[in-house]
Amino acid sequence: MTSTREKHLPWLTGTGRFLWPSGPARRKRWVVAGAVVLALLAVHTGWAVLASGRLMRTADRLAGEWGDMVPGSLAPPPVADQDNAARAVRAAIEMVSLPERAIGNRFQGSMVAFGSYMGAEPTPGQLAALREQVAANDIALELLDEAARRVGATWNLRYADGMSVAIPDLLRLIDTARLNVTAGRLSVREGDDMGVVQALVRGTALSRSLGPEPILIVQLTRFTIQRFHHALLREWLTARSPSSGKLDAVARAYALESPTSLRAAFIGEAKIMVD
């Protein structure tokens with residue numbers, strides 16, 4: 001006789017019989033199901049072991065090529081305070097005081113334009129205003145002179161903080177570079193070769209202070225600072241015929257620069273993001 005459940009829910013009865021059949025079929029079906037589960041577990045475990053082995057080998061290879069993958073390992077060697085150019089540069093950028101950023105028509109003749117080789121030649125009145133701005137920042141330029149006399153550099157960044165590491169104020173660094181290039185360009189127009197030499201040497205100190213920091217945006221900022229000062233060097237050599245002594249002084253300053261390694265910067269970014 002058909003039960004009420006079988007009459008109204010035939011699919012439920014069929015499912016129950018499939019999952020829990022009567023007689024020897026029950027044992028056979030569950031043995032097969034257990035074997036399938038064990039096979040899947042074995043495949044999963046084997047794949048996990050292989051993937052773990054490959055991951056460990058990759059990590060060992062990267063560690064061999066890049067060193068310790070811990071962000072704290074990115075910190076440059078320590079430098080004594082009296083030898084640290086970055087300390088003097090940090091003080092300089094904090095001392096720089098520039099007018100509000102020029103916009104619209106006021107951009108022409110501004111330090112942002114003149115110090116980064118954008119726009120046309122300033123008018124005599126604009127050049128006079130630029131001279132006043134340079135004179136108002138003489139302490140910042142003197143601090144850059146001090147930085148140029150120091151042989152080491154580190155900003156003492158807390159790389160152990162990983163993605164939260166606080167980097168230098170890059171915009172103020174670029175503005176300081178524009179101030180220095182402006183001073184150099186004005187010296188070119190005044191025939192002051194020694195003033196140009198001082199500006200170029202200060203520029204190498206700015207750039208050199210960022211060299212040991214393996215962070216991509218810091219190194220791109222360093223490229224920008226170098227580009228400004230290379231343009232100043234080209235302008236000076238085109239407009240003037242400096243003596244060999246002055247050229248040697250510039251060459252000695254450039255010799256202290258280490259090549260910017262984008263590879264090291266990309267590795268640094270990878271270590272910071274892995275954290």
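The following dialogue examines how the terms applied to this predicted model are justified.

Visitor: What makes up the secondary structure of the chain?

Guide: The chain contains 12 helices and zero strands. Read along the sequence, the pattern is therefore α-α-α-α-α-α-α-α-α-α-α-α, each helix being a DSSP run of at least four residues.

Visitor: Why is the contact between E146 and R149 called a salt bridge?

Guide: The closest N and O atoms of E146 and R149 are 3.0 Å apart. The cut-off is 4 Å between a side-chain nitrogen of Lys or Arg and a carboxyl oxygen of Asp or Glu, so the pair qualifies as a salt bridge.

Visitor: How do you know whether E146 is buried or exposed?

Guide: E146 has a relative accessibility of 26%. Buried requires under 20% and exposed requires over 50%, so E146 falls in between and counts as partly exposed. Its partner R149 has a relative accessible area of 59%, which is over 50%, and R149 is therefore exposed.

Visitor: What makes R185 and E235 a salt bridge, and which parts of the chain does the pair link?

Guide: The closest N and O atoms of R185 and E235 are 3.0 Å apart, within the 4 Å limit, so the pair is a salt bridge. The pair links distant parts of the chain, with R185 in helix α8 (residues 170-190) and E235 in helix α10 (residues 216-239), 50 residues apart. Both R185 and E235 are buried.

Visitor: Why does the pair of E257 and R222 count as a salt bridge?

Guide: The N to O distance between the side chains of E257 and R222 is 2.6 Å, and the limit is 4 Å, so the term applies. This pair also links distant parts of the chain: E257 is in the loop between α11 (244-255) and α12 (262-274), R222 is in helix α10, and 35 residues separate them.

Visitor: Why are E257 and R222 called buried?

Guide: Buried means under 20% relative accessible area; E257 has 16%, so E257 counts as buried. R222 has 0%, and R222 is therefore buried as well. Elsewhere, salt bridges that share partners join E121, R185, R189 and E235 into one network. A search of the whole structure finds 12 salt bridges.

Visitor: What makes R185 a charge that sits over a ring?

Guide: For Arg, CZ must lie within 6 Å of the ring centre and within 35 degrees of the ring normal. The charged end of R185 sits over the ring of F114, 4.2 Å from its centre, so the distance condition is satisfied. The charged end of R185 also sits over the ring of Y117, at 3.9 Å from the centre, so the distance condition is satisfied there too. By contrast, the structure holds zero aromatic pairs.

Visitor: What makes the backbone of Y117 noteworthy, and where is Y117?

Guide: Y117 has a positive phi of about 60° although it is not a glycine. Y117 lies in the loop between α5 and α6. With 28% relative accessibility, Y117 lies between the 20% and 50% limits and is therefore partly exposed. N156 likewise has a positive phi, near 55°, in a residue other than glycine. N156 is placed in the loop between α7 and α8. At 51% relative accessibility, N156 is over the 50% limit, so N156 counts as exposed.

Visitor: How do you know that I167 can belong to a nonpolar surface patch?

Guide: A patch residue needs over 30% relative accessible area; I167 has 35%, so I167 satisfies that requirement and is partly exposed. I167 is found in the loop between α7 (138-148) and α8. The patch consists of I167, I217, L220, F223, L262 and F266, with about 490 Å² of accessible area together. α10 and α12 each supply at least two residues of the patch, and the largest share, three residues, comes from α10.

Visitor: What makes up the largest nonpolar core?

Guide: The largest nonpolar core has 39 residues, and those with the most contacts inside it are V89, V134, W155, L173, L206 and I215. Since a core is a set of buried residues, V89 and the others named with it must each have under 20% relative accessible area, because that is the limit for buried. The elements that give two or more residues to this core include α4 (85-95), α6 (124-136) and α9 (193-210). α8 gives the most to this core, with eight residues. In the chain as a whole, buried residues make up 37% of the 275 residues.

Methods: Residues numbered from 1 in each chain as written. Predicted model: local features only at pLDDT ≥ 70, side-chain atom pairs only at ≥ 80, totals over all residues. Heavy atoms only, no water. Buried < 20%, exposed > 50% of the residue type's maximum accessible area, 1.4 Å probe, protein only. Patch = residues over 30% accessible without salt bridge, like charges linked within 9 Å, V, L, I, M, F, W, Y side chains within 5 Å. Areas by Shrake-Rupley, 256 points an atom, 1.4 Å probe, with all protein chains shown as cover. Phe/Tyr/Trp six-rings, centres within 6.5 Å; stacked < 30°, edge-to-face > 60°. Core = buried A, V, L, I, M, F, W, Y, C linked by side-chain atoms within 4.5 Å.
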